[in-house]
Amino acid sequence: MTTSTAATRAPYAELDAAVRGELIMPADPGYDQARAVYNAMIDKHPAAIARCRDTADVITCVRFARQHGLEIAVRGGGHNAAGFGVWDDALVIDLSALRSTTVDPRGHTVRADAGCTWGDVDHATVAFGMATPSGFLASTGVAGLTLGGGIGYLARRFGLTVDNLIAADVVLADGTFVTASESSHSDLFWALRGGGGNFGIVTSFTFRCHDIGEAGTIIGGPVFYDLADTPEVMRWYRELIPSLPEELSGWIALVTIPPAPPFPEELWGRTACGIVWCYTGPHDQADEVLEPVRAYGSPLLVGLQPMPFTVLQSAFDALYPAGLQWYWKTDFFNEISDAAIDVHVKYGAQLPTGHSTMHLYPIDGAASRVPADATAFAYRDGGWAGVIVGVDPDPANAGRISQWAQDYWEELHPASAGGGYINFLMNEGQDRVKASYRGNYDRLAQIKKRYDPDNTFHINQNIQPAGGLNP
Ligand SMILES: Cc1cc2nc3c(=O)[nH]c(=O)nc-3n(C[C@H](O)[C@H](O)[C@H](O)COP(=O)(O)OP(=O)(O)OC[C@H]3O[C@@H](n4cnc5c(N)ncnc54)[C@H](O)[C@@H]3O)c2cc1C
């Protein structure tokens with residue numbers, strides 16, 4: 001751990017001369033822009049931001065920080081809920097300029113640098129009719145999402161993002177560089193698949209890709225129901241999802257229909273229960289697979305249509321630009337119980353702002369066939385990851401959206417499986433981190449001791465080295 005004195009006195013001119021990338025200091029004109037992350041509720045003032053140009057820059061920064069007793073914050077896509085990509089008085093090792101991708105269409109792999117967003121990767125792979133499992137948004141960073149697990153449209157069919165990770169290039173806490181895979185540093189590779197940024201700085205990821213839809217065109221989009229129909233829709237959905245072919249997935253949400261095209265004007269601003277579907281199988285079987293969805297209930301809007309996977313992945317990016325206030329609460333759920341539905345109905349009727357929402361993402365199918373101890377990501381029970389997010393552009397509403405999310409979570413939590421998705425946690429302390437890793441925490445702590453005994457990488461959902469820090 002360091003003090004702000006160390007942060008102020010470090011000889012940054014030396015670092016500036018040693019790296020190829022830009023070193024941004026508090027007095028520089030671009031500092032405020034460079035320290036801003038996706039969640040505008042986060043307002044941290046780092047000592048310096050090193051926008052790395054290559055792996056050598058990352059190694060140089062890690063060694064410099066160690067030598068001068070500086071805290072290190074690591075930034076990939078900058079989307080982390082708790083804002084761990086930036087920290088007061090730390091040296092921010094910013095990877096956002098590292099955005100190359102390399103697709104091997106024959107081998108069905110993609111290699112992505114650590115500053116890529118999922119939009120970068122989908123753009124690269126969907127051109128070849130394939131994709132690797134990611135999330136539900138294009139603007140999220142590959143690095144943080146992958147290291148936490150990765151829950152997205154393709155999870156039912158092909159598993160989580162970590163289940164499709166083949167290798168990762170990593171700069172370790174002592175400044176050395178390794179490639180982790182099943183056959184090299186396999187303990188580190190296990191820990192990287194869900195253990196977050198605790199074990200080193202990943203500079204590039206290699207993923208397995210899968211053919212999807214017809215040459216990358218899938219059938220997807222939202223179906224909205226009246227908010228009053230929520231109890232029936234949720235009961236139908238909880239039975240339907242496990243019975244569906246794994247080519248079809250859908251996450252359920254309580255939302256306000258956005259007041260903008262392509263939504264019909266008569267629905268603008270109306271609160272609703274929505275399911276966003278994605279079918280990635282052969283199109284000649286689509287009618288049969290989607291029949292139960294099309295046949296159910298009295299939807300306000302059915303937005304299902306063929307589209308490139310990249311279009312579905314980026315469909316919500318414009319609604320949620322960087323710079324909004326965000327407050328998150330999460331849990332895993334083995335079931336969507338009647339008691340839980342009562343809570344959803346209550347708080348869905350009180351959405352505090354137009355952007356605020358609740359989502360339940362399926363983690364079943366292929367994602368749940370992976371044993372709980374096969375990767376650091378431990379929740380493989382075959383249920384859902386839930387997230388309640390208070391969101392609004394206006395900082396004056398920060399308290400209101402946070403309170404709504406907290407109250408909602410308090411009432412819902414007893415119906416949960418315990419623990420939550422670490423990528424949706426705020427800075428909630430060790431008990432929540434341990435609960436999220438379930439039976440895998442002790443093994444993670446042992447691996448942390450091997451690779452980062454001084455807890456150099458601690459600005460994250462922290463796993464502390466087994467046996468405590470070195471004296
Ligand atoms: C709008 C929105 C939508 C989201 N949707 C999904 C979704 O669909 N599915 C899903 O699974 N998650 C989703 N998330 C959660 C997302 O996975 C996390 O916020 C994740 O931390 C973002 O990664 P990042 O690289 O953008 O973030 P950052 O803030 O840059 O980093 C996140 C964490 O990872 C560490 N880190 C970053 N890069 C590296 C690296 N190269 N090496 C080591 N450590 C690193 C950071 O230190 C930090 O602790 C969403 C988040 C947002 C804000």
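**Exercise 1. Find which backbone atoms of G78, N80 and V202 make polar contacts with the ligand, and state how much of the ligand the protein covers.**

Solution. Begin with G78, where a backbone N or O atom lies 2.7 Å from an oxygen atom of the ligand. A polar contact here is a pair of N or O atoms within 3.5 Å; within protein, one atom must be able to donate a hydrogen and the other to accept it, and residues adjacent in sequence count only if both atoms are side-chain atoms. Next, a backbone N or O atom of N80 lies 3.0 Å from an oxygen atom of the ligand. Turn then to V202, which has a polar backbone atom 2.8 Å from a nitrogen atom of the ligand. Finally, the ligand taken alone exposes 950 Å², of which the protein buries 96%, with accessible areas from the Shrake-Rupley method with a 1.4 Å probe and, for residues, only the protein chains shown counting as cover.

The model is predicted, so local features need pLDDT of at least 70 and side-chain atom pairs count only at pLDDT 80 or more, whereas totals for chains, interfaces and linings use all residues. Residues are numbered from 1 along each chain as its sequence is written, and side-chain values use heavy atoms, with hydrogens and water left out.

**Exercise 2. Describe the shell around the ligand by its closest residues, its classes and the elements that supply it.**

Solution. First, 35 residues surround the ligand, and the closest are V74, G76, G78, F136 and Y421; a residue is near a molecule or strand if one of its heavy atoms lies within 4 Å of it. Sorted by class, the shell has 19 nonpolar, 15 polar and one charged residues, where Ala, Val, Leu, Ile, Met, Phe, Trp, Tyr, Cys and Pro count as nonpolar, Asp, Glu, Lys and Arg as charged, and the others, Gly among them, as polar. At least two residues of the shell come from each of β3 (72-75), α6 (142-148), β10 and β17 (325-333), with helices (H or I, at least four residues) and strands (E, at least two) being DSSP runs numbered from the N terminus. The most is given by α6, with four residues.

**Exercise 3. Work out the strand order of the sheet that contains β10, and place helix α5 on it.**

Solution. The sheet is open, and its five strands follow the order β5-β6-β10-β8-β9 with antiparallel pairing, two strands being paired if DSSP finds at least two bridges between them. Its edge strands, β5 (101-104) and β9 (177-181), each pair on one side only. Within the sheet, β6 (residues 109-113) and β10 (residues 201-208) are joined by five bridges in the antiparallel sense, and R111 stands opposite T206 in β10. Helix α5 (residues 118-126) packs on this sheet and touches β5, β6 and β10, its direction making about 30° with that of β5. Contact means heavy atoms within 4.5 Å, while axes are lines fitted to C-alpha atoms, for helices over the stretch in contact, and angles run from 0 to 180 degrees between N-to-C directions.

**Exercise 4. Locate H108 and P262, and say what marks the backbone at each.**

Solution. H108 is found in the loop between β5 and β6, and has a positive phi of about 55° although it is not a glycine. P262 lies in the loop between β13 (248-256) and β14 (271-279), and the peptide bond from P261 to P262 is cis, with omega near 10°. As background, most residues other than glycine have a negative phi, and most peptide bonds are trans.
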